[in-house]
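This report looks at one helix and one set of strands. Please have the model open while reading.

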Amino acid sequence: MQANIVVLPPAPAPPITSPPKLSIPSPPPTPLILQTSLQDEEIEAVPLPASPTQTTEDEKDTTKEKDITSPEQKDKRFKWADKYRPNALKDFLCNRNTALELKALAETDGSNRHYIFAGQPGVGKRTMIFALLREVFGHDKIQAREKCKVFYLKGEAVPSIQVNVKESKKHVEINLSETKGYEKHVIVELINERKHKASIRSAPCHRDDCKAIILGEADKLSTDALLYTKWMLERYTGCYKVFFCCSDITKLQPIKSICKVVHLQKPSDDEIVDVLEFIAKQEEIELPHKLAAQIASNSKSNLRQAIRSFEATWHFNTCLTENQEIKTGWEDDIAKIAKNIIEEQSPKQLYDIRGKLQNLIEHNVSAEFIFNTLVEELKSNLDDQFHKEIDNLKMKYNINSKDLEQGKSDNDAVKKIVLQFMKVEEFIAKFMSWYKTSVLKKGNHNPSQAYPSKGNN
């Protein structure tokens with residue numbers, strides 16, 4: 001249920017009239033396909049970059065071990081998505097057949113095959129990978145900690161880069177969007193830690209010595225980087241398995257022949273209803289089936305959002321009824337953005353709001369919902385006489401989710417999501433410009449008092 005994070009690229013504080021563009025990776029997150037294993041013949045060693053991956057002494061002092069927590073855990077109001085995340089493959093309700101097939105494979109497969117996990121953000125690629133690792137290594141062996149690693153770049157103008165990783169005794173996880181264009185160097189170093197030259201005399205790798213390398217947003221890799229990675233994986237075996245997480249499987253064609261492809265489908269409404277009813281039973285909550293079905297429909301196949309919506313709706317009204325108002329759990333966050341817009345109109349404010357939009361993107365909140373809720377919140381904070389201009393801006397930047405349904409592939413849908421969030425930013429920038437100009441015309445230097453909210457009338 002946890003998605004690979006969608007990252008907004010760092011940028012200087014943008015001007016009001018030209019907001020920075022949101023950048024969502026091309027689709028981090030096809031039934032199971034069994035492919036060829038690594039070649040097993042004697043090959044003469046070829047020199048490879050040998051700079052060790054190290055952690056600096058200063059970093060050792062600051063990289064204290066801690067359990068990895070999801071973004072949902074940081075919001076104490078909403079706990080169910082993390083609480084009921086499946087830890088074992090047998091516990092999956094969505095993509096259950098795939099999970100059970102992986103469970104059977106984990107018990108019998110001793111090959112050195114690597115994996116590609118493909119699917120839209122939020123379908124549970126990482127969740128299933130970690131469930132698979134628990135199946136193979138045991139739960140206690142993959143308790144991860146966050147640290148900052150230094151990767152030395154041989155032959156580059158930049159001597160080294162620091163990258164945040166999550167590591168346990170049995171795995172290391174890295175998001176390739178954080179490697180600053182040096183993905184190939186980073187992958188080489190990670191493989192060098194575990195490799196040995198392919199040889200028919202090489203002893204088989206025992207799972208006790210094996211380690212997983214998880215590469216998030218692998219569809220960011222260039223064709224050159226993929227071909228080089230394939231060459232390394234074929235030439236150098238070792239006690240490691242590489243997991244490539246991606247949203248657009250077509251971008252990983254060069255390595256498909258050496259990987260087992262696992263494509264995770266979006267959950268159906270019926271599967272989401274099953275999960276919601278399971279949670280309700282565990283929490284001893286009476287959940288009307290009609291309400292559960294409506295929450296599932298509103299979530300647009302996003303299980304994590306459906307669970308958050310259920311929890312928010314229950315917080316709003318603990319006596320659930322079939323036709324009651326359904327909350328999403330993001331209303332308060334968007335209301336704060338609206339208040340921030342009215343309180344201050346500046347490049348810094350727009351930049352700060354952009355960070356808040358980033359958080360919403362990471363949680364797969366739809367741009368359409370953000371836009372419509374933001375418009376209503378702005379109108380609720382300003383006097384009625386100014387609603388006409390807000391409605392005009394709404395019509396100009398209107399966002400319609402039906403456009404997404406026309407996408408022919410996952411990649412098309414994500415590109416349209418990018419455009420939608422760009423529209424949200426443009427709307428905010430345009431509103432700020434109009435609102436500040438109106439305030440100056442009135443000669444009031446305090447925008448929050450120029451147009452009082454309805455509550456102050």
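## Helix α9 and its neighbours

The model is predicted. In it, the buried residues of α9 pack against two helices, α8 (269-283) and α10 (303-316).

Which residues of helix α9 are buried? The helix spans residues 289-298, and Leu291, Ala292, Ile295 and Ala296 are buried there. Viewed down the axis of α9, the buried residues fall within an arc of 140°, so they line one face of the helix. Just after α9 comes Lys300, with a positive phi of about 55°.

## Strand β3: two faces

Strand β3 covers residues 160-167, and its side chains alternate. Ile161, Val163, Val165 and Glu167 point to one face and are buried. Ser160, Gln162, Asn164 and Lys166 point to the other face and are not buried. In general, side chains of a regular strand alternate between the two faces of the sheet.

## Strand pairing around β3

How do β2 and β3 run, parallel or antiparallel? They run antiparallel, and eight bridges join them. Strand β2 is made up of residues 145-152. Within this pairing, Val150 has Gln162 of β3 as its bridge partner. Gln162 is also one of the β3 residues that are not buried.

Strand β4 (residues 171-175) pairs with β3 as well, over two bridges and in the antiparallel sense. Here Lys166 is bridged to Glu173 of β4. The two strands, β3 and β4, form a hairpin, with three residues between them.

Terms used:
Residues are numbered from 1 along each chain as its sequence is written. This is a predicted model: local features need pLDDT of at least 70, side-chain atom pairs count only at pLDDT 80 or more; totals for chains, interfaces and linings use all residues. Side-chain values use heavy atoms; hydrogens and water are left out. Buried means under 20% relative accessible area, exposed over 50%, partly exposed in between (1.4 Å probe, protein chains only). Helices (H or I, at least four residues) and strands (E, at least two) are DSSP runs, numbered from the N terminus. Two strands pair if DSSP finds at least two bridges between them. The arc is that of the directions from the helix axis to the C-beta atoms. Contact means heavy atoms within 4.5 Å.
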